[in-house]
Amino acid sequence: MLRDEVKQLSDGPDWNFPLLEEYHIEIKRIAEYYRLDTYPNQIEVITAEQMMDAYSSVGMPIGYNHWSFGKKFIQTEQSYKRGQMGLAYEIVINSNPCIAYLMEENTIPMQALVIAHACYGHNSFFKNNYLFKSWTDADSIIDYLVFSKNYIAECEQKYGIDAVENIVDSCHALMNYGVDRYKRPSEPSLSEEKRRQQERTDYLQTQVNELWRTLPQYNQKPEPTEPNYPAEPQENILYFVEKNAPLLQSWQREIIRIVRKISQYFYPQKQTQVMNEGWATFWHYTITNHMYDEGLVSDKFMLEILHNHTNVIVQPAYNSPYYSGMNPYALGFAMFTDIRRICEHPTEEDKAWFPDIAGSDWLDTLHFAMQNFKDESFISQYLSPKVMRDMHFFSIEDNENSKFIEVSAIHNEEGYQQLRNKLSAQYNLSNNEPNIQVFNVNKKGDRSLTLRYVPHQEIPLDAKSAQEVIKHLHRLWSFDVRLEQVQANGNVEIISQSASTKI
Amino acid sequence: MAHFIDRRLNGKNKSTVNRQRFMRRYNSQIKKAVSDAVNNRSIQDITSGESVSIPTRDISEPVFHQGKGGKRTIVHPGNDQFITGDKISRPPPGAGSGSGGGEASDSGEGNDDFNFQISKDEYLDLLFEDLELPNLQENQFNSIVEMRTRRAGYTSHGNPGNISIIKSLQNSLARRTALAGGKKRKVKALQQQVDELTNQGEIEGQFVRELKKEIAELKERISKVPFIDTFDLRYNNFEQYAVPNSQAVMFCLMDVSGSMDQPTKDMAKRFYILLYLFLTRTYKTIEVVYIRHHTQAKEVDEHEFFYSQETGGTIVSSALKLMDKIVTDKFPANEWNIYAAQASDGDNWADDSPLCRKLLLDKIMPQVRYFSYIEITNRAHQTLWREYEKVAEEYSQFALQHIRQLEDIYPVFRELFKKQAA
């Protein structure tokens, strides 16, 4: 290539701001060449202690005060001091402008890697993936976090730290149930408009009909059974509590709303771990290699990059002492790399499995994949036999009623389809998180709240923690709370119950 | 397009508040850990920070998560031996990471305790929380002996060395403005009139001459306003104020007769150290006087106090006499806050005990802020305890407590210095 004509950038190892700027200009140029569309970047250099602060607030740059963040900080600090864990090289925040934290300790090759990874990889993912687009509002998140911090601080002054802490504790216990999983926010559709219109008309009608109410009604029969309230089970427990809990004060409802909103903001990240990390890893790899091919960076620089890149994408085997489940970086990187391969150099197998993308423009295909999927659907759409072979996937069935665990599929012709479905299901959050929904409120009686747990694959709920969470929910609801389980035979059984509030 | 921001100089303790919240929430557990620790620590490092451990179940944040059992399908990487249909016997419970799928956020379930470090200050705060030096307030007024000087605004009289130039010149400027400002404005107006008339080409007539005369007169009067007047002068003011004396002396009295063995002395030492630490929180400088005694009392240094071996009978009054002498010679009660802690196993020569009571009542108690006596023994109380009980009836700042074993020290200490209901 043009190796000799291009001025090589300094490979440090120390970095300084002008050098960072030079690298950034090059990385940005290459990212634009690959059509990575990003929010503007705000790159902040921080120290290790500040990184620990950022850790403990689960990546929020501003967070309200709560003891659990203190606990996380102490945990992080302890394990960091004892050398049990290193700190991440960066943290990136889904906001506009996109904030990325770089660690001061990184060498210049690492800073370049991190800029490519976070500021162009993650950033473009945040801006273009459909989940983030429909569920998070990058423009306003920082403002919202500031608002929530101030609001909670104000409540603490007005109502006391303990009262606020109690509410926040209870909300945190139910945080995973503060999201809408299936419902999509949408512009009011025509039917929605009509419904609202109907509501307004009905309201006017009640004003008119008031006179008629006093007349005796002859043909009205008492309803046979009280219909459930809510009419359909509600998955968003926190939302339901916020809107329906009888005794909550408005500031308490607002706090529930804050926790719920933050939970919703993080929900897409949980659903796109493999894709998000895979995408960012693919791009730091591709961009740094592009820089090397252009002769911008030295061999020494590239060796350090590759060393770190390899560490990131290592996938220990199931029997390795280091094995702790699937490494999302490894899987995601392997899949995106493989999609590019399928487009550029398809084999017969690829043509059979992926007739629509084999031989197509790889960049278009990759962008399309990034934009329109989440982990679950991404795997079921794009996991190729080659990746399964390379990673030596096999699936086991663990049924508590059988004496053995059984290998149900391995990476061979018969197993590919099964493996793909099973791995996809493994990333389906609704399989991993217990399916618990608000089932009924006894509106006319004791106002008790009934939740219903529908087991997936007969997996029971952890009873001890469930009892604790029910206590928290009881605190929010203020009346009795019951948790029922639907048994395999269709019977319903109460598995957890709050202590009665009757005095 | 991208901004680089150097945040390294920003505060790094964003989590401090959250950490305090955590400490606040688990105050009782942490306090318990601290009070356990105080007994287990070696004496040398009693002031360092402390590692606190809290049972994990107390700090867990419960969430709904799946329990064990049911049917699970898990995809693993790295197949090296299996083919479809292989049956593998289940690993024994507890071996390995078991059922996998461990993505549920029941973090830390495997750990027994949550360990973390608290700093020295946090440790001492917790150690002495809710404790106070008894009778501090009512006695404080007697002990105000030290006077200090501080600034106290400005005065109009004072010595020339204290003149405040800025204040004086401000006054001067204000006075000159008040006296001459109006006249200056008038001069300006008149001058303008003269200028206008002159510009119109009028020859100097009667009117103009009068105007000029008036201007001259005004200028004359302006010039008579003095630049600075005695009236303007301001002096920095200083005043004396009394501060509570921040020096204290702590007398450690200990029986070193043969009946006091090394473990007993260690217990006494722990008590002294606690008292010392506690006093450092109130007083800036603390002197410690060690008096040990058997039949005779002697002032010694710390090492000799705790470690030298001597035997003999016991006459407690000898130590009290020596203490009284040292107080009179070196630590007059109006300049020093005097604290005393006496440790003994309760043995005393029977005839001596009434003498001790008399010494305390007449000489020592009127001078000290607080006198604590701890008896470290497993036997029944003897004459000394009974005589001391009489002292305690008369003086509220006399306290006596009984220690049987190491674990009693901290509770006894808390008992002695617990906050009295207002």
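In this predicted model, strand E9 of chain B, which covers residues 285-293, is joined to E10(B) by 4 bridges, and the two strands run antiparallel. Within this pairing, His293(B) is found opposite Ala297(B) of E10(B).

This pair belongs to a wider arrangement in chain B, an open sheet of 6 strands with mixed pairing, whose order is E10-E9-E8-E11-E12-E13. Strand E10 (297-300) and strand E13 (398-403) of chain B each have a single partner strand and stand at the edges, so one side of each is left without a neighbour in the sheet. From one strand to the next, the twist of this sheet averages 20°. In general terms, the strands of a sheet pair through backbone hydrogen bonds, and they may do so either parallel or antiparallel.

A helix of chain B also belongs in this picture: helix H10, made of residues 316-330, lies across strand E8 (247-255), E9, E10 and strand E11 (337-344) of chain B. Relative to E9(B), helix H10 of chain B runs at about 145°.

Turning to chain A, the reader will find 20 helices and 9 strands. Chain A has 503 residues, of which 41% are buried. When contacts in chain A between residues at least 6 apart in sequence are considered, 72% of them join residues that are at least 24 apart. The domain assignment divides chain A into domain 1, which is given as 17-129 + 272-306, domain 2, which spans 323-431, and domain 3, which spans 434-497. Between domain 2 of chain A and domain 3 of chain A, the C-alpha centres lie 36 Å apart.

How, then, do the two chains meet, and how many residues does each bring to the contact? Chain A contributes 76 residues and chain B contributes 51 residues. On the side of chain A that touches chain B, the largest share comes from helix H3 of chain A (residues 67-81), which supplies 8 residues. Sorted by class, that side of chain A holds 35 nonpolar, 25 polar and 16 charged residues.

Strand pairing also links the two chains, for strand E4 of chain A (residues 394-399) is joined by 6 bridges to strand E3 of chain B (residues 71-76), and these two strands run antiparallel. In this pairing between chains, Glu397(A) stands opposite Thr73(B) of E3(B). Antiparallel pairing is thus found both within chain B, between E9(B) and E10(B), and between the chains, where strand E4 of chain A meets strand E3 of chain B.

Methods
Residues numbered from 1 in each chain as written. Chains lettered and ligands numbered in written order. Predicted model: local features only at pLDDT ≥ 70, side-chain atom pairs only at ≥ 80, totals over all residues. Buried ≥ 20, exposed ≤ 12 C-beta atoms within 10 Å, placed from the backbone. Contact = placed C-beta atoms within 7 Å. Domains from an automatic or database assignment. Pairing = 2+ DSSP bridges. Axes fitted to C-alpha atoms, helices over the stretch in contact; angles between N-to-C directions. Nonpolar A, V, L, I, M, F, W, Y, C, P; charged D, E, K, R; others polar.
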